[in-house]
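Me: I'm new to reading structures made of several chains. Could you walk me through this one, a feature at a time?

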There are 4 protein chains.
Amino acid sequence: MFTVDTYIRVRYKETDKMGVVHHSNYYVYFEVGRTEFMREMGLSYKEMEDMGYMMPVIETHCYYKHPVGYDDEIIVTTKMGKFKGARVVLEYEIKKKDYNTLIVYGSTVHAITDSNLKPINIKKACPEIYKKFMGCL
Amino acid sequence: MFTVDTYIRVRYKETDKMGVVHHSNYYVYFEVGRTEFMREMGLSYKEMEDMGYMMPVIETHCYYKHPVGYDDEIIVTTKMGKFKGARVVLEYEIKKKDYNTLIVYGSTVHAITDSNLKPINIKKACPEIYKKFMGCL
Amino acid sequence: MFTVDTYIRVRYKETDKMGVVHHSNYYVYFEVGRTEFMREMGLSYKEMEDMGYMMPVIETHCYYKHPVGYDDEIIVTTKMGKFKGARVVLEYEIKKKDYNTLIVYGSTVHAITDSNLKPINIKKACPEIYKKFMGCL
Amino acid sequence: MFTVDTYIRVRYKETDKMGVVHHSNYYVYFEVGRTEFMREMGLSYKEMEDMGYMMPVIETHCYYKHPVGYDDEIIVTTKMGKFKGARVVLEYEIKKKDYNTLIVYGSTVHAITDSNLKPINIKKACPEIYKKFMGCL
């Protein structure tokens with residue numbers, strides 16, 4: 001299965017008064033992982049938006065197992081969970097740099113739309129993108 | 001059932017290049033709703049942290065139905081989903097100010113810990129807090 | 001002089017591991033103050049963008065005198081510093097709710113542009129907006 | 001002069017509805033630059049905080065020359081502006097990856113404090129840190 005690892009170092013701004021990364025920021029890490037996943041897949045999300053297609057988020061889920069703090073190095077592992085033309089499910093695992101400690105895991109579900117956020121059938125609208133996505137399963 | 005409504009106006013900073021609120025920011029709105037829910041419950045989260053207890057997030061879920069943009073006014077409706085001494089589930093609905101358009105709904109699951117993030121049994125550790133939470137069900 | 005006060009309660013997300021508000025977030029509070037200042041002035045920034053004009057930031061400055069933390073209530077006082085057709089300078093003071101403790105003060109300098117971020121002369125392009133701004137001095 | 005270059009790729013979350021990076025986020029990029037500057041200097045900020053010292057921000061300034069957008073690659077060049085025992089001034093320039101287009105430049109002024117945010121004289125309190133900072137001028 002096609003998976004992509006992305007390395008991130010935790011920023012000070014991403015922590016909160018609990019001393020660790022604020023829970024909402026893991027979704028930003030997922031987004032960074034997704035960006036690199038698509039670049040490796042052969043079509044960057046920026047190119048996709050430039051072509052007039054968007055992937056707005058319609059569901060997000062995250063399970064927090066272990067906190068991380070400022071300056072810690074983490075790895076976001078991204079893979080495609082499901083893809084059926086109208087919806088893309090991406091799955092993520094974040095581990096400490098040692099690859100052993102699981103920090104969080106989760107998923108995001110995306111619609112595929114035109115630039116006005118109207119849902120489209122990507123298989124019809126752009127077979128090239130459809131093929132790229134299918135190739136990740 | 002005990003529910004608390006919190007009014008928020010969307011900030012420019014909370015939007016992204018899609019022109020609408022970035023999906024991760026709804027978790028910040030949930031957090032604002034949670035803060036006001038606890039204040040109305042009779043024990044603010046700040047007081048709880050000052051007493052030495054924390055509620056780290058262990059799961060988050062959000063379903064996105066409709067986007068909102070800069071300067072829009074929204075209402076976060078917060079209620080307690082479940083509570084069993086060791087875990088608190090809070091549930092949220094965000095609507096447009098008109099109360100009709102559903103924007104997102106979701107939930108957050110929290111552990112109850114001491115200030116070192118070690119899980120505790122709040123019924124034993126602090127019956128006063130336990131009672132407040134039970135009173136929300 | 002025309003000044004506008006905006007009330008904000010500090011969010012948990014806005015703190016960092018130092019236990020207080022992260023310095024970059026005061027610029028978000030300034031932005032909230034600016035939004036309310038313009039609404040009170042009689043032309044909201046949203047309306048202005050809808051009319052095809054933008055106010056991108058070209059300078060920001062902030063002086064930090066006293067920290068604030070989670071759940072603290074603050075007041076952003078906004079006024080116009082200078083205005084000469086091509087540039088707008090806004091000035092801000094943030095105090096604790098008691099109006100006595102000065103937290104930060106600062107300023108933001110804005111260009112006035114069309115929706116492609118090209119600088120324009122607002123006096124020529126839209127005398128109505130020009131008049132509103134002049135009225136704040 | 002001792003300068004440190006840090007590479008960053010702009011995240012989707014860092015853009016706003018203007019389609020470019022929100023002005024407050026450059027201070028986060030400065031912070032990332034500062035973190036890498038100190039690591040290269042031989043004492044990471046994390047180590048410094050672990051030793052009981054902090055560098056709260058007391059002034060920030062930024063001048064915006066050119067916008068950048070999602071997925072753009074930027075370089076933060078960080079150097080020490082001034083250092084006199086009680087205050088540290090750091091200066092930053094952000095350019096596009098090509099090193100030619102200047103995006104923003106700015107500075108941050110820091111106090112040096114103990115872990116309770118009380119100002120200290122670092123020359124007395126910790127000559128080792130003092131020497132590291134002096135070595136950057």
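Me: What rotation superposes chain C on chain A?

Reply: A word on the model before we start. It is predicted, so local features need pLDDT of at least 70 and side-chain atom pairs count only at pLDDT 80 or more, while totals for chains, interfaces and linings use all residues. Residues are numbered from 1 along each chain as its sequence is written, and chains are lettered from A and ligands numbered from 1 in the order in which they are written. Now the general idea: copies are superposed by least squares on the C-alpha atoms of residues with pLDDT of at least 70 in both. Here a rotation of 180° with 0.0 Å of shift along its axis places chain C on chain A, with an RMSD of 0.0 Å. That is the relation of a two-fold axis.

Me: Which residue of chain C comes closest to that rotation axis?

Reply: Asp16(C) does, with its C-alpha at 1.9 Å.

Me: How do I read the contact between chains C and D, and how many residues does it take from each?

Reply: Two residues are in contact if their C-beta atoms, placed from the backbone, lie within 7 Å. By that rule, chain C gives 17 residues and chain D gives 17 residues. On the side of chain C that touches chain D, helix 1 (25-41) and strand 3 (57-64) each supply at least two residues. The largest share, 8 residues, comes from strand 3 of chain C. Helices (H or I, at least four residues) and strands (E, at least two) are DSSP runs, numbered from the N terminus.

Me: How do the strands 3 of chains C and D run, parallel or antiparallel?

Reply: Two strands pair if DSSP finds at least two bridges between them. In this case 5 bridges join strand 3 of chain C to strand 3 (residues 57-64) of chain D, and the two run antiparallel. Thr60(C), for instance, stands opposite Cys62(D).

Me: What rotation superposes chain C on chain D?

Reply: A rotation of 180°, with 0.0 Å of shift along its axis and an RMSD of 0.0 Å. The C-alpha of chain C nearest this axis belongs to His61(C), 2.3 Å from it. Both copies use the same surface, as 100% of the contact residues of chain C recur in chain D.

Me: One last feature: is Lys124(A) buried or exposed?

Reply: A residue is buried if 20 or more other C-beta atoms lie within 10 Å of its own, exposed if 12 or fewer, and partly exposed in between, with C-beta atoms placed from the backbone. Lys124(A) has 9 such atoms within 10 Å, so this residue is exposed. Its place is in helix 3 (residues 122-125) of chain A.
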